[in-house]
Amino acid sequence: MPSVYVGMVCDLLHEGHINILEIAHAKGDVTVGLLTDEAVESYKRRPIQAWKDRKTIVSAIRYVKDVIPQPTLDYTENLRALKPDFVVHGNDWVTGPQASARQAVIDCLAEWGGKLIEPAYTDGVSTTSLIEKIKCT
């Protein structure tokens, strides 16, 4: 079975996360590189939920075979260790703070012929928008 790597924060689980994981699962066995609290904080904000709690949640999703820590925004350490056939990430990282991480993934996957799959970002759903809704209630 092909192997698939998905890096994510998954601070507040939503439809977009499930969409990505479902697409990844259709390609093979999914390992989630769950960004540590420090990795998340390095480019956005401190997560609402601690890493161990997010791991419990993500591990319970039927599309996920394994969850490992991703200690930085740079995926390459985990990718070189696992050498997945595919990396799946929403296309929201083409520009912005994750653009350099995206390029590093592309370069790393080229070392063994892996492929990056970038499904369209789920419109209208994001952790940031959920946090804003919570603040307004």
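# Reasons behind the labels

Me: The side chain of Thr76 makes a polar contact with the side chain of Asp74 at 2.8 Å. What makes this a polar contact?

Reply: In this predicted model, the Thr76 and Asp74 side chains come to 2.8 Å, and because a polar contact needs a pair of N or O atoms within 3.5 Å, the value satisfies the distance cut-off. Thr76 itself lies in helix H4.

Me: Why does Thr76 count as buried?

Reply: Thr76 has a relative accessible area of 12%, and buried means under 20%, so Thr76 is placed among the buried residues. Over the chain, buried residues make up 46% of the 137 residues.

Me: What makes the pair of Asp37 and Arg54 a salt bridge?

Reply: The closest N and O atoms of Asp37 and Arg54 are 2.7 Å apart, and since the cut-off for a side-chain nitrogen of Lys or Arg and a carboxyl oxygen of Asp or Glu is 4 Å, the pair qualifies as a salt bridge. This pair links distant parts of the chain, with Asp37 in helix H2 (residues 37-41) and Arg54 in helix H3 (residues 51-59), 17 residues apart.

Me: Are Asp37 and Arg54 buried or exposed, and how do you know?

Reply: Asp37 has a relative accessibility of 12% and Arg54 a relative accessible area of 0%; buried means under 20%, so Asp37 and Arg54 are each buried.

Me: Why are Arg46 and Glu41 called partly exposed?

Reply: Arg46 has a relative accessible area of 43% and Glu41 a relative accessibility of 42%, and because partly exposed covers the range between under 20% and over 50%, that term applies to Arg46 and to Glu41. These residues form a salt bridge with each other, their closest N and O atoms being 2.9 Å apart.

Me: What makes Arg80 and Glu111 a salt bridge, and where in the chain do the partners lie?

Reply: The closest N and O atoms of Arg80 and Glu111 are 2.5 Å apart, and the cut-off is 4 Å, so the pair is a salt bridge. Arg80 sits in helix H4 (residues 76-82), whereas Glu111 sits in the loop between helix H5 (99-110) and strand E5 (115-117), and the partners are 31 residues apart. At 41% relative accessibility Arg80 is partly exposed, and Glu111 is partly exposed at 47%.

Me: Which residues are joined into one network by salt bridges that share partners?

Reply: Asp37, Glu41, Arg46 and Arg54 are joined in this way, and the structure holds 7 salt bridges.

Me: How do you know that the length of helix H1 agrees with its number of residues?

Reply: At 1.5 Å a residue, the 13 residues of helix H1 (residues 15-27) should span 18 Å, and the end C-alpha atoms are 19 Å apart, which agrees.

Me: Why can the buried residues of H1 be said to line one face of the helix?

Reply: The buried residues in H1 are Gly16, His17, Ile20, Leu21 and Ala24. Seen down the axis of H1, these buried residues fall within an arc of 130°, so they line one face. Just after H1, Gly28 takes a positive phi of about 160°.

Me: How many aromatic pairs does the structure hold, and why is the pair of Tyr5 and Tyr75 given its name?

Reply: The structure holds 2 aromatic pairs. The ring centres of Tyr5 and Tyr75 are 5.9 Å apart and the planes stand at 70°; centres must lie within 6.5 Å to pair, and planes over 60 degrees apart count as edge-to-face, so the pair is edge-to-face. Tyr5 is in strand E1 (residues 3-8) and Tyr75 in the loop between strand E3 (66-70) and H4, 70 residues apart. Tyr5 is buried at a relative accessible area of 0%, and Tyr75 is buried at 2%.

Me: What makes the pair of Tyr75 and Trp93 tilted?

Reply: Tyr75 and Trp93 are 5.5 Å apart centre to centre, with 45° between the planes; because this angle is neither under 30 degrees nor over 60, the pair is tilted. Tyr75 lies in the loop between E3 and H4 and Trp93 in the loop between strand E4 (86-88) and H5, so the pair ties together parts 18 residues apart in sequence. Tyr5, Tyr75 and Trp93 form one aromatic cluster.

Me: Why is Lys27 said to lie over the face of Phe86?

Reply: Lys27 is at 5.4 Å from the ring centre of Phe86, and since the distance cut-off is 6 Å, the distance condition is satisfied.

Terms used
Residues numbered from 1 in each chain as written. Predicted model: local features only at pLDDT ≥ 70, side-chain atom pairs only at ≥ 80, totals over all residues. Heavy atoms only, no water. Helix = DSSP H or I, 4+ residues; strand = E, 2+ residues; numbered from the N terminus. Buried < 20%, exposed > 50% of the residue type's maximum accessible area, 1.4 Å probe, protein only. Expected span 1.5 Å × (residues − 1). Arc of directions from axis to C-beta. Phe/Tyr/Trp six-rings, centres within 6.5 Å; stacked < 30°, edge-to-face > 60°. Lys NZ or Arg CZ within 6 Å of the ring centre and 35° of its normal. Polar contact = N/O pair within 3.5 Å; in protein donor to acceptor, adjacent residues only side chain to side chain.
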